[in-house]
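This briefing introduces a structure to a reader who has not met it before. Please look at the sequence and the model first, and then read the notes by topic.

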Amino acid sequence: MGMWIAIAIVLFVLGSMMALKPNGIDQRLDKLRMTARRLQLNPKLISCPDWIKGKDNEYGRGMMGQYCLVLEDTQLPYTRYQVIDGQWRPDSNFVDTTTDATKLSIPSAIRSSQSNTHTTVKKTNFSLDKVALDLPVSIEPHVKGLLTKANSIVIYWEDIAYVRPSTNPAYQQKLIESDLLLLKQKLEQWALQMQKSL
């Protein structure tokens, strides 16, 4: 009888220890984010912004990876892009084009407490409009949006899909760094393209 009790205790302890160990996908995701942090891509898990299609293709639903590259001595305009047919397109909720070619209305801009009208500002140059993503094949299908402001460029993507066998059957741990380096290079290239057009 004592032997059965000892076996039950050992199995209970082993079961508890196994439950504490992260599953394979969590370990892969941790490796991806740690590599991104080392490459100064500043990864964060955030709730999906309301202007991006998230879970079940609904705006603002679910969680998403936000990878931010800070560029010193760089000034970028405040813009938002969504992915449509493999290209960057300005976020239609962010920009309402007016008849004046040098002005636009930004619904999300601060409004006067006295007035319910949109704030009109100088028109932003959306130089990435219709630019192809051209990212690694394991990253590109999961990219949802891009935000630029001040000295940073931020990409929103479902990074967990990168490490899931069902959404990326060709996943290889040794390719993480090279894929993220290509992502960083594209972010720098897009930022430079935007800066040249200012």
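The notes below cover the model itself, its nonpolar cores, its aromatic rings and a surface patch.

This is a predicted model, in which local features need pLDDT of at least 70 and side-chain atom pairs count only at pLDDT 80 or more, while totals for chains, interfaces and linings use all residues. Residues are numbered from 1 along each chain as its sequence is written, and side-chain values use heavy atoms, with hydrogens and water left out.

**Nonpolar cores**
- The largest nonpolar core (buried Ala, Val, Leu, Ile, Met, Phe, Trp, Tyr and Cys residues joined through side-chain atoms within 4.5 Å, where buried means under 20% relative accessible area with a 1.4 Å probe and protein chains only) has 32 residues, and I155 and W190 have the most contacts inside it.
- The largest share of this core, seven residues, is supplied by α4.
- Leaving aside neighbours within four places in sequence, W190 is in contact (heavy atoms within 4.5 Å) with residues including W88, L128, L146, I153 and I155.
- Another core, of nine residues, lies apart from it and has I46, M64, C68 and L147 among its members.

**Aromatic rings**
- The structure holds seven aromatic pairs, a pair being rings of Phe, Tyr and Trp (its six-membered ring) with centres within 6.5 Å.
- One aromatic cluster is formed by Y67, W157, Y162 and Y171.

**Surface**
- I5 is partly exposed, with a relative accessible area of 47%, a value that falls between the 20% and 50% limits for buried and exposed.

Definitions and conventions
Helix = DSSP H or I, 4+ residues; strand = E, 2+ residues; numbered from the N terminus. Phe/Tyr/Trp six-rings, centres within 6.5 Å; stacked < 30°, edge-to-face > 60°.
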